Amino acid sequence: MTAAPPEGLQQLDEGPVSASAAALSRRILSFRDPVAAACELVAQHFLASDEVEMVVLALTLTPPDDQTGWARLGDRVWLREWLVPGSPCRSAPGGEGPEGALTMPYVSQWARDEIVAVPDRDRLPVAGARDREELEACGTAALVTCALQRGEAMYGSFSLARSTPGTWPQGLLADYRLVVAALSALLGHQHDQRLLLDAVDVGERAHARQQQLVATVSHELRTPVSTIIGYAELLADEAEQQPPGDFPAGVARDAGQVLAVAEHLLAVVEDLLGTARVLGSEDNRVPVDVAGAVADVLHWHRVPAARAGVTLTSTVPDGLAALARPAGLRQVLATLVGNAVVHNRPGGSVEVGAEPMVGEGGEARVRLVVRDTGLGLEPEQLHEAFEPFVRFHLEVPGTGLGLPLARTVAERDGGSIGAESVPGRGSAFWIDLPTA
C-alpha cells in the first residue's frame, strides 16, 4: 500500500504513459538535441495540455547552449518560463524579476527526492504558509515540481503550474515522471561531456607546459655539458703531452671518464630536445607517403649500417599513406631502424615493411614493421623495452630513451607501437597509424 503523501500534497499513483510522452523521451535519450532545444520540446509538450499554463525549468550544472530567453540567477542558475497566452502565472512575483524566484520551503523538502504535486495552494498546512504566500504572489494555484538529478548530482528543477486549483490527472503525472527521467539523463550526459572536455583541455595545457619545460631544461643543459666535454678533451690532450708519470696518467684516465659520462649526458639532452621539438610542433597531421618516409630514414642510416656490415632493405609498397606528422613519423622510424642496426651483427640485415590493416574498432590503419636479425630479446626484456633508461646491451652506445620517446611521438599522432622478439634470431618492432 502506498504511503499517504504529506499534508496538502496529492497522492501519486502509477498510470499509463501517453504515446507522445514516450516518443519525446526516446528523442531526448537519443542525445541528438542540445539542452536548450530539448527543454523547448519538453515545454511545448506540456503546454499542449489543458491542465498546464506555465512550464518553468531551472538549470544548474549544465547551462543551456542557446541562452536566448533564459535568465541568469547568480553564478550557477539559468531560469526560463513558458506561458500560455493570458495566464496570470509567473515564476517570480510581479515586478521582482527572476531574482525573486520561488523558494517554496515546505514543498522543496520533498521535491529533491520525488515528484511533488500541489493541487490547491490554499490547502497547504500551516507549515506551508510561506509556500502559499509565494504561489499566490505568482498567480499560481496548483503546482507540480521535481528536481532534475542523477545520483547525487542535481542539474536543476522542472515545474508545471496553473492558475486554477484542482487535482492533477494521473496520466499527466505519469508523463511528467518519464520526461523528468529522460531530461535528467540528458543533462547528466551533457555535464559528463563538459567535464571530459575540461579534463582534456587541462591535460593538453599541462602537456604543453611539460614540453616547454623539457625543451628549456634541455637547451640550458646543452651549453654547460658541451663546455665540460671541451675541457675534458683539453685535459686529456695536455696529459698526453706531459712526460710519463703517475699524475699525467691519472689526469688522462679521469679526463676520459669525465668525457664518457658527459657525452652520454649530452646524448640524453639531445634526445629530449629533439623530441620536445617534434611534440611541440603545431603542424597538423597530414597524409604521409610511407614509402617516401622509409626511403629517407634508410638513406640517413646508410653509412652507419655499412660500417656495421648490416644490409638495409625496404619492402614498402607504393601508394600507402598514413595520417601523421611527417617529422614525428620519420623520428620514430629513425629510432627503430637505428636500434636495429646497432643491435645487429656483422652480415645481418634490417628490413622495413608496411601493409594496410584493420584496427580493433574496424578503422583502416597502416602497420610499419622494422625487422632485424640481431640478438633478440627475452620476454621479460621485451616487456621493459619501452621504459625510460632501460638498456640491455651496455656495450652498445645509447641513452635508453629512444623507444620511450618514440612511443610518446607515435601515440601523439593517434598511433601505437609494439614489438615481437625471438632470442638469438632477431626482433620486429612495429608502429600502427591511421590510414590517410
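A residue counts as buried when its relative accessible area is under 20%. The exercises below concern a predicted model.

**Exercise 1. Determine whether C138 is buried or exposed, and whether C138 takes part in a disulfide.**

Step 1. The relative accessible area of C138 is 1%. This value falls under the 20% limit, so C138 is buried.

Step 2. A disulfide requires two cysteine sulfur atoms within 2.5 Å. For C138, the nearest cysteine sulfur is that of C89, 8.8 Å away, and C138 is in no disulfide.

Step 3. Taken from the other side, the closest cysteine sulfur to that of C89 is in C138, and 8.8 Å is too far for a bond. C89 is buried as well, with a relative accessible area of 0%.

Step 4. For the structure as a whole, the number of disulfides is zero.

**Exercise 2. Describe the setting of S159: its element, its burial and its contacts.**

Step 1. Strand β6, residues 153–162, contains S159.

Step 2. The relative accessibility of S159 is 12%, and therefore S159 counts as buried.

Step 3. When neighbours within four places in sequence are set aside, the contacts of S159 are M54, V55, V56, L143, V144, T145 and Y176.

Step 4. With one of these residues, T145, the side chain of S159 makes a polar contact of 2.8 Å.

**Exercise 3. Analyse the salt bridges R162–E51, R150–D192 and D122–R121 by distance, location and exposure.**

Step 1. The total in this model is 10 salt bridges. The criterion is a side-chain nitrogen of Lys or Arg within 4 Å of a carboxyl oxygen of Asp or Glu.

Step 2. In the pair R162 and E51, the closest N and O atoms are 3.1 Å apart. R162 belongs to strand β6, whereas E51 sits in the loop between α2 (35–47) and β1 (54–59), so the bridge ties together parts 111 residues apart in sequence. R162 is buried at 4% relative accessibility, while E51, at 27%, is partly exposed.

Step 3. R150 and D192 meet at 2.6 Å, N to O. This pair links distant parts of the chain, 42 residues apart: R150 is in strand β5 (residues 142–150) and D192 in helix α5 (residues 170–241). R150 is partly exposed at 36%, and D192 is partly exposed at 38%.

Step 4. For D122 and R121, the closest N and O atoms are 3.6 Å apart. D122 is exposed, with a relative accessible area of 51%, but R121 counts as buried at 15%.

**Exercise 4. Identify which residues touch the most other members of the largest nonpolar core, and which elements contribute to this core.**

Step 1. The largest nonpolar core has 40 residues, and those touching the most other members are V290, V294, L329, V332 and L368.

Step 2. Elements giving two or more residues include α7 (290–300), α9 (326–342), β10 (349–358) and β11 (364–372). Helix α9 supplies the largest share, eight residues.

Step 3. Consider V294: beyond its neighbours within four places in sequence, its contacts are S314, V316, L333, V352 and L368.

Step 4. A separate core of 36 residues lies apart from this one, and L12, L24, F46 and L160 are among its members.

**Exercise 5. Summarise the protein chain as a whole in terms of secondary structure, burial and contact range.**

Step 1. The chain contains 11 helices and 13 strands.

Step 2. Of its 436 residues, 43% are buried. The accessible surface is about 22700 Å², with 55% belonging to carbon and sulfur atoms.

Step 3. Among contacts between residues at least 6 apart in sequence, 69% join residues at least 24 apart.

Note on methods. Residues are numbered from 1 along each chain as its sequence is written. This is a predicted model: local features need pLDDT of at least 70, side-chain atom pairs count only at pLDDT 80 or more; totals for chains, interfaces and linings use all residues. Side-chain values use heavy atoms; hydrogens and water are left out. Helices (H or I, at least four residues) and strands (E, at least two) are DSSP runs, numbered from the N terminus. Buried means under 20% relative accessible area, exposed over 50%, partly exposed in between (1.4 Å probe, protein chains only). Contact means heavy atoms within 4.5 Å. Accessible areas come from the Shrake-Rupley method with a 1.4 Å probe; for residues, only the protein chains shown count as cover. A nonpolar core is a set of buried Ala, Val, Leu, Ile, Met, Phe, Trp, Tyr and Cys residues joined through side-chain atoms within 4.5 Å. A polar contact is a pair of N or O atoms within 3.5 Å; within protein, one must be able to donate a hydrogen and the other to accept it, and residues adjacent in sequence count only if both atoms are side-chain atoms.
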